[in-house]
Amino acid sequence: MTNTAQEHYNSPFNPGYGKQPLVFGGHEKDIEELTDVFTTMDFGENHSVLVAGLRGAGKTSMLTLLKDAAAEKGWLVISDDASSGLMERVMETTIPQLINTLDSGAKAHLTSLGIWQFNAAWEYESRQREVKPQLRHDLVALSNAVDQRGILITIDEVSSGKVRLRELSKFALQVSHALSDGANIMIVFAGIKVNLDELLKQEHTTFLRRSRDVDFRRLDPEQTMRVLKETIRIGGRSITDDALRRLAQISQGYPYLIQLVGDYAWRARPSEPTIEMSDAEVAFERAIRAINSRVISKVYLDLSDVDKEFVKAMTMALDNGRAKMENIVQNMGVSAQYVQVYKNRLIDSGYVQKAGHGYVEFSLPYLDQYIRTIISDDLAPDGDEQAPDEWADFPAPKL
Ligand SMILES: Nc1ncnc2c1ncn2[C@@H]1O[C@H](COP(=O)(O)OP(=O)(O)OP(=O)(O)O)[C@@H](O)[C@H]1O
Ligand SMILES: [Mg+2]
């Protein structure tokens with residue numbers, strides 16, 4: 001393609017897991033209160049934070065935002081995934097690297113503690129052999145060495161495998177000891193709700209029950225349109241009101257989809273100054289397959305077998321966008337009590353929400369339509385889909 005308006009070819013949208021959005025929508029209060037700690041050092045309830053949400057809801061982006069804000073205030077940042085070898089990576093790689101970034105005053109302070117050895121140029125050399133290395137000691141030492149600042153630890157991708165959980169719980173124990181010893185630490189864990197719940201059940205993680213909970217669900221229509229409009233404006237173009245509304249409608253406020261449809265709409269006619277309705281329609285067509293393969297199928301895969309049974313039974317019971325609990329119980333062929341437990345779990349995790357007494361509906365756009373494609377074909381809903389509360393005026397287009 002050749003065009004003079006070259007600058008428009010670079011889409012400002014950033015669809016993909018772990019890709020930071022140019023404009024971060026929603027969660028203003030959490031962000032403000034958490035980032036305030038980086039300046040005030042007044043932790044309150046914010047020593048530990050649990051960021052929960054479905055895939056693509058924006059958990060990693062939130063961690064990145066916090067890390068950037070903390071680093072800007074001079075905090076030390078330790079960030080990793082909850083994958084195997086966590087403790088070793090943090091102690092053998094991350095902390096030595098952090099130490100090397102410190103000023104000489106802080107390093108002199110650290111030398112006097114005798115945990116680490118430095119060479120003549122004040123660079124980290126190794127650990128003192130006689131000390132049994134423990135993360136808690138490292139954290140306390142670092143915290144003291146940078147006294148007016150703190151340490152932000154982020155652990156992404158918390159998963160519920162047994163070995164992983166054992167490692168995480170060991171890690172958490174060390175952090176909780178460091179906290180008791182007065183270290184200025186904020187630790188943030190991110191993962192899907194059920195996995196974070198498993199983490200809390202571990203032996204040494206009771207202190208995490210007092211964490212601040214940050215729940216990632218959908219953005220509301222206003223936030224959604226702000227993200228779309230602002231991103232497009234910063235990218236150097238504009239969008240008509242009807243196209244904006246249409247893109248918001250397609251995305252249903254789901255962060256990954258906002259980036260995805262925004263990106264497709266941008267690329268439809270990148271040399272034009274304004275994104276119009278026709279571009280939004282092109283985006284919709286292109287997004288259909290991507291939504292299922294890149295987003296919804298992954299969300300579905302995170303469900304346990306029983307959860308899958310529930311959402312299938314629920315999909316079969318859908319009538320005008322909502323399902324009667326009684327019918328779900330009937331479809332599953334088990335006791336109402338049992339079904340209730342799974343309903344609550346799914347509500348808690350953000351897949352499902354209440355829709356009036358005795359009814360539930362999907363909170364995630366397109367999940368029901370996806371599930372229909374994997375069960376049988378004769379389950380089409382009758383009538384128009386009824387969207388929840390604030391999204392009532394923005395019904396999801398059929399895929
Ligand atoms: N608050 C937000 N506003 C706008 N876009 C966002 C927001 N948060 C995330 N996104 C976008 O959504 C997509 C997914 O974000 P992210 O990777 O942070 O999700 P996640 O919850 O970590 O997913 P996973 O569970 O798979 O790790 C990215 O393209 C990102 O740019
Ligand atoms: Mg992530």
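Reader: What stands opposite Lys354 in β13?

Author: The residue opposite Lys354 in β13 is Val360. This is a predicted model, in which local features need pLDDT of at least 70 and side-chain atom pairs count only at pLDDT 80 or more, while totals for chains, interfaces and linings use all residues. Residues are numbered from 1 along each chain as its sequence is written, chains are lettered from A and ligands numbered from 1 in the order in which they are written, and side-chain values use heavy atoms, with hydrogens and water left out.

Reader: How do you know that β12 and strand β13 count as paired?

Author: Two strands pair if DSSP finds at least two bridges between them. Three bridges join β12 to strand β13 (residues 359-362), so the criterion is met. The two strands run antiparallel. The names follow DSSP runs, numbered from the N terminus: helices are H or I runs of at least four residues, and strands are E runs of at least two.

Reader: What makes β10 and β12 edge strands?

Author: The open sheet has four strands in the order β10-β11-β13-β12, with antiparallel pairing. Both β10 (318-319) and β12 (352-354) have a single partner strand, so one side of each lacks a neighbour in the sheet. Helix α14 (residues 336-349) packs on this sheet and touches β12 and β13, its direction making about 105° with that of β12. Touching here is contact, which means heavy atoms within 4.5 Å. The angle lies between N-to-C directions and can run from 0 to 180 degrees; axes are lines fitted to C-alpha atoms, for helices over the stretch in contact.

Reader: Why is Met325 called buried?

Author: Buried means under 20% relative accessible area, exposed means over 50%, and partly exposed lies in between (1.4 Å probe, protein chains only). Met325 has 9% relative accessibility and therefore counts as buried. Met325 belongs to helix α13 (residues 325-332). Neighbours within four places in sequence aside, the contacts of Met325 are Phe310, Val339, Gln340, Lys343, Gly358 and Val360.

Reader: Why are His27 and Glu157 placed in separate accessibility classes?

Author: His27 has 16% relative accessibility and so counts as buried, whereas Glu157, at 45%, counts as partly exposed. His27 is located in the segment before α1, and Glu157 in the loop between β5 and α6 (162-180).

Reader: What makes the phi of His27 and that of Glu157 worth noting?

Author: Most residues other than glycine have a negative phi. His27 is not a glycine, yet its phi is positive, at about 55°. Glu157, also not a glycine, has a positive phi of about 55°.

Reader: How do you know that β5 is mostly covered?

Author: Six of the six residues of β5 are buried. Ile151, Ile153 and Ile155 point one way from β5, while Leu152, Thr154 and Asp156 point the other way. In a regular strand the side chains alternate between the two faces of the sheet.

Reader: Which strands pair with β5, and over how many bridges?

Author: β2 pairs with β5 in the parallel sense over six bridges, and Leu76 has Ile151 of β5 as its bridge partner. Five bridges join β5 to β6, again in parallel, and here Leu152 is matched with Met186 of β6. These strands belong to an open sheet of five, ordered β2-β5-β6-β1-β7, with parallel pairing. Its edge strands are β2 (76-81) and β7 (212-216), each paired on one side only.

Reader: Which helices lie on this sheet?

Author: Helix α1 (residues 28-40) lies across β1, β5 (151-156), β6 (185-191) and β7, running at about 140° to β7. Helix α5 (residues 135-145) packs on the sheet as well, touching β2, β5 and β6, and its direction makes about 140° with that of β5.

Reader: What makes the 34 Å reach of α11 close to its expected value?

Author: The expected span is 1.5 Å times one less than the number of residues. Helix α11 (residues 277-301) has 25 residues, for which 36 Å is expected, and the 34 Å from its first C-alpha to its last is close to that.

Reader: Where is the kink in α11 centred?

Author: The kink of about 45° is centred on Ile291. The bend at a residue is the angle between axes fitted to the seven residues ending there and the seven starting there.
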